[in-house]
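This report goes from whole-chain values to two helices and then to single residues with unusual backbone geometry. The sequence and the model come before the text.

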Amino acid sequence: MRERFRVVGGAHLVGQATVVGAKNSALKLMAVALLAVGRTTLTNVPAIADVMIMAELLRRLGVGVDYDPEAGVVVLDVPERIGHRADYELVRALRASISVLGPLVARVGEADVAVPGGDAIGSRGLDLHAAGLEALGAEVHVTHGYLVATAPQGLQGADIRLDFPSVGATENVLTAAVLARGTTTIDNVAREPEIVDIAEMLQSMGARVEGAGTSRITVHGVDSLAPTRHAVVPDRIAAGTWAFAAATTRGQIEVVGGVADHLRAPLGALEQAGCDVTVTERGFCVSALGRRPRAFDVATLPYPGFPTDLQPFALTYNAVADGSAMVTENLFEARFRTVQELARLGADAQIDGHHVMTHGVELLSGAPVESSDIRSGAALVLAGLVADGETLVSGVHHIDRGYPRFEEALRALGADVTREPEDEPPFA
């Protein structure tokens, strides 16, 4: 059953929001568990739909998966013999499924992974993944909609340079290299905290990984890895969402569990725009009580730059901030669908290529809107909170993929947000 959020405008969000483990790390760590026979336990796992999809994908590979959403724990029991085919029906629903590619090639010498679908935010090619695995000695090709990689003689360490610091390619090359013979150096890698999280889990399994968090990672291959217990790094994108929620609604939110150091670019921009940003014992706090913060320019960049996943929130913020600003998307060519929906709410925003010029208005106007991806959906809910009247946000299933019980967290901060069945479209 399709659902939507009914959002009543006029909220100033005040209180505490708790951040748990990162979606963008938990799913990849579940794939990392494939590298070791035995029982691996992940804690601080978010209670989101994507975890259940990844759990089903791993079950079909032969892994025993016990997921307790309330406790935030996933136990993965990896047998000696596992499958190597990730079917399209699951991969199309979860782009993070591609992260099984590296571990499967390393463990069993072959992987058939459907070319993924995922969010409607632009093309995300797999060329870098393939090139990295080929440098390690794998044969890679696409056939009948599947990316097929084989390395029957095992993988061999190599010197690799990524053309772009892709998070996904960094993950797959790293997880393949840990069981390769010899030493691998990977230059121009992604530096995200989620990469560091994967490296720390691999190290706890017995891998020899150096340099995670810098632009070069060095891996000394080992013969085998052991299962482990690992806590997922806090979700910086969820933490950034609550930071923008406070600023956009002119409220005050303490983000419990958030790591301010992982959000230097966005928090620094909010602070310069007139918000108060303070680090607390439990996380950090963003306050815009009693004031209308200023608009600010945004250009998305790989970490530690401004995250592309927070770009929709910057658009919503700028739509009601004081002044004009330019938002530039440098990573994905189709991530401005939020703009068209914001325009339905009365935002003054114009798209020009990969730029959006916004002119802040005092108040948006409630209307029906449609979410196209996880972050766009959540940003549109925030837009509804600063709109006159009611806003109906369709496509709640997108939001559920990234935010556990989003409407409950918002209500705890003073928002009037309810989940309800979505009306059947006419002429369906």
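## Overall values

The 35 positive charges and the 53 negative charges of the protein have mean positions that are 1 Å apart. Lys and Arg count as positive here, Asp and Glu as negative, while His and the chain ends are not counted; a charge is placed at NZ of Lys, CZ of Arg, CG of Asp or CD of Glu.

The model is predicted, so local features need pLDDT of at least 70 and side-chain atom pairs count only at pLDDT 80 or more, whereas totals for chains, interfaces and linings use all residues. Residues are numbered from 1 along each chain as its sequence is written, and side-chain values use heavy atoms, leaving out hydrogens and water.

The protein contains 14 helices and 26 strands, taken as DSSP runs numbered from the N terminus (helices are H or I with at least four residues, strands are E with at least two). Its C-alpha trace spans about 65 × 45 × 40 Å along the principal axes. The radius of gyration is 22 Å, which agrees with the value near 22 Å for a compact globule of 428 residues; the radius is taken over C-alpha atoms, and the globule rule is 2.2 Å times the number of residues to the power 0.38.

Buried residues make up 58% of the 428. Buried means under 20% relative accessible area, exposed over 50%, and partly exposed in between, with a 1.4 Å probe and protein chains only. About 16,400 Å² of the protein surface is accessible, and 48% of this belongs to carbon and sulfur atoms; the areas come from the Shrake-Rupley method with a 1.4 Å probe. Of the contacts (heavy atoms within 4.5 Å) between residues at least 6 apart in sequence, 74% join residues at least 24 apart.

## Two helices with a buried face

In helix α9 (residues 264-272), Pro-266, Leu-267, Ala-269 and Leu-270 are buried. Down the helix axis they fall within an arc of 155°, so they line one face of α9; the arc is that of the directions from the axis to the C-beta atoms. Arg-264 and Gln-272 are exposed on the other side. The cover over the buried residues of α9 includes α8 (236-248), β16 (276-279), β17 (283-287) and α10. After the helix comes Gly-274, with a positive phi near 115°.

Helix α11 (residues 337-344) buries Thr-338, Val-339, Glu-341 and Leu-342. These residues lie within an arc of 165° when seen down the axis, so they too line one face of their helix. Among the elements that cover them are α10 (311-320), β20 (348-352), β21 (355-359), β23 (368-370) and α12 (374-385). Gly-346, just after α11, takes a positive phi of about 95°.

## Loop residues

Asn-44 and Arg-405 each have a positive phi without being a glycine. The table gives their values.

| Residue | Phi | Loop between | Relative accessible area |
|---|---|---|---|
| Asn-44 | about 60° | β3 (38-43) and α2 (49-60) | 29%, partly exposed |
| Arg-405 | about 45° | α13 (396-400) and α14 (406-412) | 39%, partly exposed |

Ala-71 sits in the loop between β4 (64-68) and β5 (73-78) and is partly exposed, with a relative accessible area of 48%. Its C-alpha atom is 8.8 Å from that of Ala-47, which is 24 residues away along the chain.

Tyr-303 and Pro-304 are joined by a cis peptide bond with omega of about 15°. Pro-304 belongs to the loop between β18 (298-299) and α10.
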